[in-house]
Each structure stands twice: as structure tokens, then as C-alpha cells.
Amino acid sequence: MSSTNPSPRSSSGGGPRVKTPARPAQRPGGGQSTSGNRQPLVKPAPKAKARKARLLVSKIDPWSVLKMAFLLSVALGVVTVVAAIVLWTVLDLTGIFDRVNTLLGEIAGSESGGFDLRDFASLGQVVSFATIIAVVNVLLLTALSMLAAVLYNIASTLVGGIGVTLTDD
């Protein structure tokens, strides 16, 4: 076998070589050259239409509203207490309390026994006040959310509820 053999399929037996047929220059289909009449080899899948559903919110479960409102208002209460602690710490570290004490000492004069703002608004007192506010907010937000759900149910029996259109993209 020589290295100049162009056909990799040739047999070792010295028989006649079989020539492969040349590829046609056109696609099969009768030689139509217009692209508008040409059929694709594989049809693409049709695009699915976006589904639309028009729904009516006619009733809201007050128990689920109560649970969700309680959870969210507790989270808001925790944020309130943490924000109060951070704010008091930032005011203390920047020296605002000392500046306010100096200003109040200059305004009151030397007759006053010296006013210290940290005695009036210590970190413990600020955290206690923020906790009380957070607990009151939890109670109020939970009760108002449940009341709103009950009022919505009453109003939806009269008017039919809120229409919502949902689509599937």
C-alpha cells in the first residue's frame, strides 16, 4: 500500500476502487430556487401561547392573614429594637451626647448641678422603650390586618371581590 492512496476505505486486496457519488449542488425538491416555496427539513415546534386566567379573589382566610401579619410584625419589631440599639450606639460613639450635655450646661448656666443626657436616655432605657413600642406594634398590626381581612370578606360579598388576571410567560 502506498502513502499516496487518497481513499481511506480502500481494501488491501488490490481490487477496483469504488468512486463515491458527488453531492448534488441543489437540495432535492425539483430545483425550486425561491426561498418562499422551500420546505424546511425539520419543522420547528409551534410556540406555546401564553395562557391567561382571569380569577376572582372572593374571600380571604382571616386565620392565614392573622398568622402572616403576626410573623411580619414580629420581624418589624425585631428590626425596631435593633435599629434603636444601633442608633444609640452611633450617637454615643460620635460624641453627640457629650455635645448636647455641653450645650445644655451653657444654656442652663453654672447654677444647675450638671445635666447628663445618658442618665435620662441610657441604653437600657432606650432598649426598654423600643421593646414596648415593638410589642404594641405587633398587637396593633396583627389585629388591624385581621380586621381588614374580615372587612374585605364582607365587602366582597356585596361587590364580588377583586378581579385578577394571571398569565403564564
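Thr142 sits in helix α4 of this predicted model. With a relative accessibility of 10%, Thr142 falls under the 20% cut-off and so counts as buried. Setting aside neighbours up to four places off in sequence, the residues in contact with Thr142 are Leu66, Ala69, Phe70 and Ser73. With one of them, Ser73, there is also a polar contact: it runs from side chain to side chain, at 3.4 Å.

Those partners lead on to the helix pair. Helix α1 covers residues 62-93, helix α4 covers residues 123-159, and their axes come within 8 Å of each other. The crossing angle is roughly 160°. Angles over 145 degrees count as roughly antiparallel, so that is the label for α1 and α4. As for handedness, the two helices cross in a right-handed way. What sort of residues make up the contact of α1 with α4? The split is 21 nonpolar and eight polar, with no charged residues.

Further along the chain comes Asn153, again a residue of helix α4. Asn153 has 12% relative accessibility, and therefore goes down as buried too. Once residues up to four places away in sequence are left out, Asn153 touches Lys59, Ile60 and Pro62. Of these, Pro62 is where helix α1 begins, given its span of residues 62-93.

Asn153 also has a link to Ser156, this time through its backbone: the backbone oxygen of Asn153 is 3.0 Å from a polar atom in the Ser156 side chain. Ser156 is itself part of helix α4. Is Ser156 buried or exposed? Its relative accessible area is 6%, so Ser156 is buried.

Beyond its neighbours within four places in sequence, Ser156 is in contact with Ser58 and Gly161. Lys59 turns up again here, this time as a C-alpha distance: the C-alpha atoms of Ser156 and Lys59 are separated by 7.0 Å, although the two residues are 97 residues apart along the chain. Lys59 is also among the residues that Asn153 touches.

Put together, the picture around helix α4 goes like this. Thr142 is buried and makes its side-chain polar contact with Ser73, a residue within the 62-93 span of α1. Asn153 is buried and has Lys59, Ile60 and Pro62 as contacts. Ser156 is buried as well, and its side chain pairs with the backbone oxygen of Asn153.

Terms used
Residues numbered from 1 in each chain as written. Predicted model: local features only at pLDDT ≥ 70, side-chain atom pairs only at ≥ 80, totals over all residues. Heavy atoms only, no water. Axes fitted to C-alpha atoms, helices over the stretch in contact; angles between N-to-C directions. Helix = DSSP H or I, 4+ residues; strand = E, 2+ residues; numbered from the N terminus. Parallel < 35°, antiparallel > 145°, perpendicular 65-115°, else oblique. Left-handed = near helix turned anticlockwise from the far one by under 90°. Nonpolar A, V, L, I, M, F, W, Y, C, P; charged D, E, K, R; others polar. Buried < 20%, exposed > 50% of the residue type's maximum accessible area, 1.4 Å probe, protein only. Polar contact = N/O pair within 3.5 Å; in protein donor to acceptor, adjacent residues only side chain to side chain. Contact = heavy atoms within 4.5 Å.
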